[in-house]
Amino acid sequence: MRQFFDWRRLAAAMLCAAVMMTALFAGGCSREKDDKGQGDISELTTSFLDDTVFTVSDVRVSLTEWYLYALRQIADIEAMYGKDIWDFKVDTEGKTMWDAVKNDIMEQIIYIKIVRARAQELGITINEDDQLNINLQTDEFMSSLSSEMKNKYGITQDIVKAIYTDNVLAMKVYENLTLNIDTNIPDEEVRHMVLEYISVLKYYENDDEEAIFYTDEELAGIKAGAEEYLAAAIANTDITRLAEINDDRYSVVELVADYAELKEKLPDDIPDKAYSLREGEISGLYETEDAYFILDCVVHTDEETTNAARIRIIESRQKALFEEKYSAWEAETVIKINYKVWDAIEREQ
């Protein structure tokens, strides 16, 4: 599955002038493939300029632009895996890692171009603040390059500025289309609580790790001890959480979890009882087939994890909406590759 437009990643990239252009997208789902491994792509035509790698509708992508997207990714991969990684076969048909990354970079650029192309019809433009940031980042980026690198790859101020502009417009298209996404999310889907609990087992394990249940008489004593412990915890106003009680008989477990995670980790109706507790409430003794439970709602709503869960759901909705739009745009777009240039691209010129 293609990764969707990530405006936070873009924002981070726009704040960092690196020696080579930071990659703004990771690769994802491929198109229907033609005989050269590309998708929805026309054969070579005679209309290309000499340094054109491919076109997206009527927009050309030059070799310089391709390298500005590619160089940082190439360097990162080599730093992690070494230069020999490029000849590694990634499928049974002999496709190499270099083939895969090369195609992935093209997909990234195509994605930006397709999204950016919708700005005009949506009435989206670069405002003064955008332009100021683009100019500043362009200047920083250009100043970080040596004359040798600029000459080697044909990097100019105008090309760098155009790439930053493309990405800002693509980001704004994404934000425009997803701005009014439904942010109403049921509490049980996002609220995380901080729960401490004690599980008093009704069995022990023998040397063969078999569960041996206590006798009724033994269970009566175990239950009475747990009830006594619970009563003392509730009565002592200095106790604010179970973990503050020093009692070697019981082990306190802490969970920061939403309702779904509680359902995964706790049995029977214990998750429902835990999720309905008030903050600071210690409650029990709850019985299941295998154990007795004492529960302590330390924090009713953990803001950090709850907000993170809410953001994940909203972003998921945004991505789903945007992918639907993007799929329609993609279907209308004609990609033409200049194979004379494409086939000759190497990791370093």
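**Notebook: helices and salt bridges**

I began with helix α8 and noted its buried residues (buried meaning under 20% relative accessible area, exposed over 50% and partly exposed in between, with a 1.4 Å probe and protein chains only): Leu219, Gly225, Ala226, Tyr229, Leu230 and Ala233. Looking down the axis of α8, I found that these buried residues fall within an arc of 135°, so they line one face of the helix; the arc is taken from the directions from the helix axis to the C-beta atoms.

This is a predicted model, in which local features need pLDDT of at least 70 and side-chain atom pairs count only at pLDDT 80 or more, while totals for chains, interfaces and linings use all residues. Residues are numbered from 1 along each chain as its sequence is written, and side-chain values use heavy atoms, with hydrogens and water left out.

I then looked up what the buried residues of α8 pack against, and found β4 (193-201), β8 (282-287) and β9 (291-299), with contact meaning heavy atoms within 4.5 Å. Helices (H or I, at least four residues) and strands (E, at least two) are DSSP runs, numbered from the N terminus. On the face of α8 turned away from its buried side I listed the exposed residues Asp216, Glu217, Glu228 and Ala235.

Next I checked lengths, the expected span of a helix being 1.5 Å times one less than its number of residues. For α8, residues 216-235, the 20 residues should span 28 Å, and the end C-alpha atoms are 28 Å apart, which agrees. For α2, residues 63-81, the 19 residues should span 27 Å, and the end C-alpha atoms are 25 Å apart, which also agrees. I noted a kink of about 35° in α2, centred on alanine 70, where the bend at a residue is the angle between axes fitted to the seven residues ending there and the seven starting there. After α2 comes glycine 82, with a positive phi near 90°.

I turned last to salt bridges (a side-chain nitrogen of Lys or Arg within 4 Å of a carboxyl oxygen of Asp or Glu), of which the structure holds 16. Arginine 241 and glutamate 254 meet in one of them, at 2.7 Å from N to O; arginine 241 lies in the loop between α8 and β7 (252-257) and glutamate 254 in strand β7, 13 residues apart. In a further pair, at 2.9 Å from N to O, I found arginine 249 with aspartate 247; arginine 249 counts as exposed at 51% relative accessibility, whereas aspartate 247 is buried at 18%. I also recorded a network of salt bridges linking Glu65, Lys113, Arg116 and Asp166.
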